[in-house]
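Work through the exercises below with the structure open beside you. Try each task before you read its solution.

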Amino acid sequence: MSTYIYAILPADRPLNLDGLQGVGKEPTALRTLSSDKLTAVVSEAPEDLRAKRRDVLAHQAVQERLLADGSVLPMRFGLVGPNDEAVLAELDAQADAYLHRLEAIGDCIEYNLKASRDESDLLREVVAESDLVRDLNERTRKNPQAQGDKVALGQAISQEVERLEKRDASTVINGLAPSAQQYATADVPQAHFLNVSFLVPRASAAEFCDRVDEMAKRLEPVFQLSLRGPLPPYSFV
Amino acid sequence: MTVVPQANAPTGGSGGGSSGLYDVLELVLDRGLVIDAFVRVSLVGIEILKIDIRVVVASVDTYLRFAEACNRLDLESGNKAPSKITDLIGDATESGAHGKTKGALSGAVEAISDSLKGGGDDDDDREPAQRKSSSGTRRTTSRRREA
């Protein structure tokens, strides 16, 4: 029977898995597999496991519970080992690497921040900054049939948008990075210019959130920040 | 700002609500630790997530959309001056490196030159760039990692 793995944590950590259920249509019971130094939280892997809402939520709920009690290495959703013995063998074989990872993360949690900017405002800045865009904008407004000019205008805007979004992104990151231990950027979702996760010491999480809040207040309403956390350090393992 | 509920309870873990699931889906599905020798369940059927990731802006369709949005700008918003992020929150790359006095001064200079340049009429309610002094601000090294 194959084994679904949720997380790896130090073996000497007390665990409270009461009331939690594993993934699967018929929820599986959570249990632990421990080597000398590490514990893996696992359950039986359902035969037909897919990334259903219910299952992703179950995976995430386990992470949140474990995170409440200390540092943890969260597994990506859907990781399945051939059996318990193989998981235990992996814990033994890679013990040093996992312990090192746990130590590096320390007592830190992840916060994910996404940022967007009102598009009209962004375009007004593009127009203000670029002579070429202003010129092409005038021409295409007077002559809406000029497809070539329109494409050239769009291309020029696109380049400026990229530059300004990059600047906006690094300004936001630089404003928050001093309150975090590390950060990791990721693919930016539609209509946003920034998707970044910060690794924040638990002890200063409130300070970090205040800093985001203060920044958000200054940026509104043109810029919108959306903060999600605390999360297990998905982006830093 | 949208703050997901448990953001103000850093040590709590009571969440698990489904309202914010979408926000963390990419983290749960795309990040987190993997063990190379083990298999992952098929994610077939949830590629829909990926569609939402922004396509590269370099396409003729995008160019034309930008061009038309730009053509329409004045009709929608008149001559409203754009916001500049560094005016709103300061250029944080300089925080700590310069004293507060210099920060406040150059902030004011920027605000003035902006209003001269743009002829902006709504600058009055904007705050000049503010810079934090180094006191009370912890500097830790941050490492950039590409996901």
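The exercises that follow concern a predicted model.

**Exercise 1. Domains of chain A**

Task: State into which domains chain A is divided, and describe how they touch.

Solution:
- Step 1. Start with the bounds. Domain 1 of chain A covers 3-106, and domain 2 covers 109-236.
- Step 2. Take the separation. The C-alpha centres of domain 1 and domain 2 of chain A are 35 Å apart.
- Step 3. Count the contacts. On the domain 1 side of chain A, 5 residues take part; on the domain 2 side, 6 residues do.
- Step 4. Sort the domain 1 side that touches domain 2 in chain A. It holds 4 nonpolar residues, 1 polar residue and no charged ones.

**Exercise 2. A helix pair across two chains**

Task: Decide whether α1(A) and α1(B) are roughly parallel or roughly perpendicular.

Solution:
- Step 1. Locate the helices. α1 of chain A spans residues 53-68, and α1 of chain B spans residues 21-30.
- Step 2. Read the geometry. The axes of α1(A) and α1(B) come within 11 Å and cross at roughly 75°.
- Step 3. Classify the angle. Angles of 65 to 115 degrees count as roughly perpendicular. Therefore α1(A) is roughly perpendicular to α1(B).
- Step 4. List the residues in contact. α1(A) supplies Arg53(A), Val56(A), Leu57(A), His59(A) and Gln60(A). α1(B) supplies Leu21(B), Val24(B), Leu25(B) and Val28(B).
- Step 5. Sort the residues of this contact between α1(A) and α1(B). There are 6 nonpolar, 2 polar and 1 charged.

**Exercise 3. The surroundings of β8(A)**

Task: Find which strands pair with β8(A), and say how many residues of β8(A) are buried.

Solution:
- Step 1. Place the strand. β8 of chain A runs over 194-201.
- Step 2. Take one partner. β6 of chain A, residues 108-117, pairs with β8(A) in the antiparallel sense over 8 bridges. Tyr111(A) stands opposite Phe198(A) there.
- Step 3. Take another partner. β7(A) and β8(A) are antiparallel and joined by 4 bridges. Here Tyr183(A) has Phe198(A) as its bridge partner.
- Step 4. Check burial. In β8(A), 7 of the 8 residues are buried, so the strand is largely enclosed by the rest of the structure.

**Exercise 4. Unusual backbone spots**

Task: Where do the cis peptide bonds before Pro221(A) and Pro230(A) lie, and what is phi at Ala191(A)?

Solution:
- Step 1. Recall the usual case. Most residues other than glycine have a negative phi, and most peptide bonds are trans.
- Step 2. Go to Pro221(A). The bond from Glu220(A) to Pro221(A) is cis, with omega near 0°. Pro221(A) sits in the loop between α7 (205-219) and β9 (223-231) of chain A.
- Step 3. Go to Pro230(A). Gly229(A) and Pro230(A) are joined by a cis peptide bond, with omega about 0°. Pro230(A) belongs to strand β9 of chain A.
- Step 4. Go to Ala191(A). Its phi is near 70°, a positive value in a residue other than glycine. Ala191(A) lies in the loop between β7 and β8 of chain A.
- Step 5. Judge its exposure. A residue with 12 or fewer neighbours counts as exposed. Ala191(A) has 12 C-beta neighbours inside 10 Å, so Ala191(A) is exposed.

**Exercise 5. Chain B in outline**

Task: Give the number and order of helices and strands in chain B.

Solution:
- Step 1. Count the elements. Chain B has 5 helices and 3 strands.
- Step 2. Order the elements. From the N terminus on, chain B reads β-α-β-α-α-α-α-β.
- Step 3. Add burial. Of the 147 residues in chain B, 23% are buried.

Key: Residues are numbered from 1 along each chain as its sequence is written. Chains are lettered from A and ligands numbered from 1 in the order in which they are written. This is a predicted model: local features need pLDDT of at least 70, side-chain atom pairs count only at pLDDT 80 or more; totals for chains, interfaces and linings use all residues. Domain bounds come from an automatic or database domain assignment. Two residues are in contact if their C-beta atoms, placed from the backbone, lie within 7 Å. Ala, Val, Leu, Ile, Met, Phe, Trp, Tyr, Cys and Pro count as nonpolar, Asp, Glu, Lys and Arg as charged, and the others, Gly among them, as polar. Axes are lines fitted to C-alpha atoms, for helices over the stretch in contact, and angles run from 0 to 180 degrees between N-to-C directions. Angles under 35 degrees count as roughly parallel, over 145 as roughly antiparallel, 65 to 115 as roughly perpendicular and the rest as oblique. A residue is buried if 20 or more other C-beta atoms lie within 10 Å of its own, exposed if 12 or fewer, and partly exposed in between; C-beta atoms are placed from the backbone. Two strands pair if DSSP finds at least two bridges between them.
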